[in-house]
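Work through the exercises below with the sequence and the model open. Try each task before reading its solution.

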Amino acid sequence: MYGPAQTEAGYGTAADRRMRTVPVPAPVALPDAPSLERSLRPLQRYRPPVRAVRRELDEIATADRAADTGIVVPVLTAVRRREARIALVMDRSSSNAIWSGALEELRRICERAGAFREVTVHRIAEDAPLPAHLGDPTGQRITVVLSDCAGPLWRSGRMQRLLHGWAATAPVCVVQPLPQRMWGRTHLPARPGLLRRREGPAGRLEFVPRGAAEAAAGIPVPVLAPRRSSFDAWTRLIAGATGQSLNAAAATVSAHHRPTRARPRADRRIDPAERVRAFRRTASPAAARLAVYLSAVPLVLPVMQLVQRAMLHRSGPDVLAEVLLSGLLRRDDRAADAEATRDATQDGMYDGMHDAPAYAFLDGVRDELLGQLGAGSASLVLKHCSEYVESRYGRTVRNFPAMAAAFLSGAVDPRDEEAAAAPGPAEAENRKLWAFAQVSTQVLRRLGGPSPTATPLGGTEAAAEGSGGLAARARACLDHFGEHGTVPDLDTGIRLLGSATRAERHPARRAALYGELAEALLRRWYLRPVPEDLPEALDAAQNAVTGPPAAQLTLAGVLEIAAGEVSEGRLSAKLLPEWVAVRSAAAAGLHAIDDMDDPGLTATVLLSAADNSLAELTEGPQRWDTALRTAATPVRVRVLRRLAVTGAPYGPGTPADWFTATLGTAVAVVDAYVDETRAGLGAYPDPGPEADADSDSDNRLLTGRERDPARDEALLLRGSLLLELARHHRGEGPVPADTPDRAESRACAERAEGDLLAGIDATDATAATTGAGARETVRVWLEYADAIAYSSEHPDDDARLRILQALDQARRTVDRDEAVEADILLRMGRLLEQRYAAGGSWSHRDSVIAAWTEALPLLPWHDPGRAGLLTSLGRRLVERGIDKDAPGDIRTAVRHLRGAVDQTAVGDPALPERRALLGQAYLERFRAEGTVADLHEADWALGEAARTTADPALAATAWWRRAVAVALLARRTALAS
C-alpha cells in the first residue's frame, strides 16, 4: 500500500488514489493438526442410539445356499460403514472473526480423519434464521461449536438454548480457543468436574462439578481446548460404552437460558484511563504489549495480525483475541455497514484489506495507549509491518506509513474523506487504506516525529561533534533506558554508538566502543528478539576483542545466543559471518559452503568459538582481574554443557566420548577456579598426610570474612557437573553411554554429594525464598537428593531418610510452582513407599498416603501419570481401611480407583489390575456399609479383570474375589426373598 507522489492533476484524481492490495496470510490457529486427526478417529466407532440396520444382498452366499439346498433364498448381510456426521458451527461476532481460519483448519482435520460420512460448516448470525440440517433427532450428527462464547448470540442466551436442543438428541461439544484462565469470564463459563455417560438417547451426559456433591442442573456440554488431550478424552467418552466417566471441563445449558444482564464493557461510560488500567490488571503481559503496539496502526484484522507476528512472533491468536475482548475497542460501524463480515477464504488468505473486519478504539483509548508507546517503538511497528510484506511479496511494495508521510507533506489531502468513500466496489478498501494513513499521521504528530539524534550522523556532523561527544550522548541515552525502560533511548544510544565507532580513529578506543555497541545490541535483543540484531552484535563483538579483555565475555555471550537461535530455527545461518559457514563446511567435509545446511553443526561451531573466547579468560595470563575470571567461569561451564550435547553427533569418536570429554573439561575449569580461590583466601590449614587427596578438604565451610560466595557457587556448579556425569554413566543422560558403568557413576555421585552439601550449607542462610533465587535453591536440593540416590547401588534406610530431608527442604522453598511441588511430593511418596515395603510400619504408610493425597490436586486432570497415582493411593487406602476398620478410607479408595479405571484406556496392560483393585474396594465397602449395588459393581469389575489379564496370579485372585462377591450377593438375595 503506497500513496503516490502528488500529480499535476492535484487531489482527488483516480491516479492519485490508487494503492496496492496485498494478500495477508493468516497464521496457523490449530497447531499439531495430525494429532487432532488421530484424536478424532475413535469416532469411527460411534453408533447413534436409533438407527436402521442396513442390509444388502450377498450374492455369493445366496448362490452357495441355493447350490446346497436347491432353494433360492436371498442372504442379506449387515452393511458396516461410517455412520457419524459432524457439523462445525461458529457464531458471527466481532471477536470471533480471528478464529475463522481455525474453523477452516478444523474442517480439513475432520475430513482427513476419515471418521465421518459428512462434514458440514455452518455460521450463525444474530437475528438470522437457523441453517437447515442443524440438530438431529436420530443422533447421527455430532455438533462441534468453535467459539470464544463472547458474542451477542451468547449474551442473549440464544446460543445456549440451541445447545440445549442439540444436546438432547446428539453429542455436542464447544471448542474454546481462548486460554483456560479466561473461560470463566465468557458467557459459557466452564468448570472442571466429572463427566459420566449415562444410558439414554445419544449417551446423555451427567456432570458433577469439582467439590459438588451432586450433578449440576441442566444438560452438560463439554468444553474442549484445541489440543489432542482434550479431544482424546471426549471422543473416547462419546464412542465408548455407556457408564464411562472422565475428568473434564463442562458447562450446563437449559431450555430457558436467560440473557446476560450485565452491559458489555464497551457500552459502559468509563474514563479511558480507567479502561486501560482495568485491562492491564487482568491481561497477560503479551496482550498488554500488543494493545500498545496496535495503537500505532489502524485496527484492520490483517494489519493487527501482522503487528502481532512482527512484534510478538512467539504468541498465538489467543493473545489477539484477548485484546479484542478487552473492552477497549468496538467494531467499526462504517465498515460493518459497508460490507458484511467476510470470513477467511478456503486457503486461509485474506483477499486484501477490504475483506477483513475492522475495529476502532473507544474514545480516548488510543491516546492513552499511545502515551505508553515511545517514538522508536511506534516507528518499529510500522517498519516491521513493511518488512514483513516486502519479504513475502517483493520489494516493489512500499512502506505502510508512506501515505501518512504524503499527508504530512501535503501530497495527499487527508480530509478528502469523500474521495476515500467514493461509491463502487473499492469503497471499503479505500476507507481502510485512508484510515491507515490517518492513524499513522496521528501517531507521527503526537510523538513529534524522529528526533535529530534518532538517525546516524553524517560524516560532517560526526566530525564536528567527535567520537567522544557521540559516545557521551550514547551513554546518557543508555543510562536513561536503564533507569526508565524507554526503548527509544536504547535505539538512539545504539545509533549514536555506531556513529562513534565510525568517527573514532584510535584503535584501542574504537575497540572499547565496539564492545559497548555489542552489549547495547544484546540488551535490545533480550528486550525484543529481532534476528538482525545478533549478526550486528557479533560483528561489533569481534571488532572489540582487540580491546579490553571483557570483550571476550561479550563475544562469547553473543555466540552462545546465536547458537541457540540457529538450533531452534529462529536465525538463518546465512545471516552469520562467512567464517561460520567455512568452519561448518570443513567439519562436514564439504567443498562448497553453499551446500552447508545443518543447524546442529552450525550451533556446534558457534559454541566452540564461544568456548575458545572464554578460555582466554579462564586459562589465559593471570593479569585478568578476579572479577572477570569469576564472571567467565560459570558462563564457560554453561557453554561447555550445551556443547557436550549439541556437538555429540559431530565430535571425534563416539557421542559418549565427546560428552564425557567436554564435561570433563568443564569440571577441570571449575577445579582450577576452586584451587585459585582457596590459595587466595589462605584459610585452609594443611590437612596433613592422613587426609585423602579426594576428601572433603575442598568442602570445609568458611565462616565470617573467610567465606567466598563465588567459591560456594563454584562448588555447587562442580557438584551439578559431576551429577550429570553420574547420570550419563548410569545410562540416563541426554547422550546415551556406550556401556553403563555403575561404579564410575557412584564415584561421580559421591563427589557431587560432597560438593553440593558444602555449597548448600554455605549459601542456605542467604538463599532467596521467592523468584529465581527460590527456583535455584530448589534445583540444588533436588540435585543433592539425586546425588545421594546415585551414590549407592541399593540405598539403605539412612540414605532414604537423607533424601527425604533434601526433598522436604526443596518443597519448603518452592514458590507457587505446582508442577515442581507435585513432582517433589511424588518422589517423597515413592521413597516412603520403599520404606513401608521394607519395614511394614503403619506410620510410613500414613506418610505415603499423606504425600500422595497432597500431590493429587496439584496434578492437572489430563496428566498421564494421574491414573497411576490414583491406583497407588487407592491401594494403600484399602489396606489402611481394612487394618484400621476405617469406612472413610474405603469410600475414598473407591472414588480414587474408579477415577483410575476411567482414565485408563481400553487395552492398557494396567487396566486389569486397576479393575481388580476397584472390585476389592467395592467388596470392602459392602462389608462396611452393606450396599448391594457394591456387590454388583464388584462382580463386574472382578470379572472383567479376570477375563482380560495375562497374569495367572492376578486372574486367580480376581476369580476368587468374584466368587466371594457372588456368594455374598446370593446370600443377600436369599435373605431378601
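Two strands pair if DSSP finds at least two bridges between them. Helices (H or I, at least four residues) and strands (E, at least two) are DSSP runs, numbered from the N terminus. The model is predicted: local features need pLDDT of at least 70, side-chain atom pairs count only at pLDDT 80 or more, and totals for chains, interfaces and linings use all residues. Residues are numbered from 1 along each chain as its sequence is written, and side-chain values use heavy atoms, with hydrogens and water left out.

**Exercise 1. Strand 4 and its neighbours**

Task: Find the strands that pair with strand 4, and give the sense of each pairing.

Solution.
Step 1. Start with strand 5 (residues 118-124). It runs parallel to strand 4, and 7 bridges join the two.
Step 2. Pick out bridge partners. Leu88 has Val121 of strand 5 as its partner. Met90 stands opposite Arg123 in strand 5.
Step 3. Turn to strand 6 (residues 141-146). Strand 4 pairs with strand 6 in the parallel sense, over 5 bridges. Here Ala87 stands opposite Thr143.
Step 4. Recall the chemistry. Strands of a sheet pair through backbone hydrogen bonds, either parallel or antiparallel.

**Exercise 2. The whole sheet**

Task: Write down the strand order of the open sheet and name its edge strands.

Solution.
Step 1. The sheet has 8 strands in the order 5-4-6-7-10-11-8-9, with mixed pairing.
Step 2. Strand 5 and strand 9 (205-209) are the edges, since each pairs on one side only.
Step 3. On average, neighbouring strands of this sheet are turned by 40 degrees against each other, direction ignored. Axes here are lines fitted to C-alpha atoms, for helices over the stretch in contact, and angles run from 0 to 180 degrees between N-to-C directions.
Step 4. Add the helix. Helix 4 packs on the sheet and touches strand 4, strand 5 and strand 6. Contact means heavy atoms within 4.5 Å. The direction of helix 4 makes about 175 degrees with that of strand 4.
Step 5. Name the unit. Strand 4, helix 4 (residues 100-113) and strand 5 make a right-handed β-α-β unit. Right-handed means that, with the strands pointing away from the viewer, the path from the first strand over the helix to the second runs clockwise.

**Exercise 3. Burial of strand 4**

Task: Why is strand 4 (residues 85-91) described as largely enclosed?

Solution.
Step 1. Set the cut-offs. Buried means under 20% relative accessible area, exposed over 50%, partly exposed in between (1.4 Å probe, protein chains only).
Step 2. Sort the side chains. Arg85, Ala87, Val89 and Asp91 point one way, and Ile86, Leu88 and Met90 the other way.
Step 3. Recall the rule. In a regular strand the side chains alternate between the two faces of the sheet.
Step 4. Conclude. 7 of the 7 residues are buried, so strand 4 is largely enclosed by the rest of the structure.

**Exercise 4. Salt bridges**

Task: Which helices hold the partners of Arg779, Asp797 and Arg962?

Solution.
Step 1. Define the pair. A salt bridge is a side-chain nitrogen of Lys or Arg within 4 Å of a carboxyl oxygen of Asp or Glu. The whole structure has 46 of them.
Step 2. Arg779 bonds with Glu783 in a salt bridge, the closest N and O atoms being 2.8 Å apart. Both lie in helix 29 (residues 771-790), 4 residues apart, about one turn of the helix. Arg779 is partly exposed at 31%, whereas Glu783 is buried at 10%.
Step 3. Asp797 forms a salt bridge with Arg835, again with closest N and O atoms 2.8 Å apart. This pair links distant parts of the chain: Asp797 is in helix 30 (residues 797-813) and Arg835 in helix 31 (residues 818-839), 38 residues apart. Asp797 is partly exposed at 37%; Arg835 is buried at 13%.
Step 4. Arg962 forms a salt bridge with Asp939, with closest N and O atoms 2.5 Å apart. Arg962 is in helix 37 (residues 952-976) and Asp939 in helix 36 (residues 932-948), 23 residues apart.

**Exercise 5. Positive phi**

Task: Are Cys149 and Asp885 buried or exposed?

Solution.
Step 1. Cys149 has a positive phi of about 60 degrees although it is not a glycine. Cys149 lies in the loop between strand 6 and helix 5 (152-155). At 1% relative accessibility, Cys149 is buried.
Step 2. Asp885 has a phi near 50 degrees, also positive in a residue other than glycine. Its loop runs between helix 33 (866-884) and helix 34 (887-902). At 65%, Asp885 is exposed.
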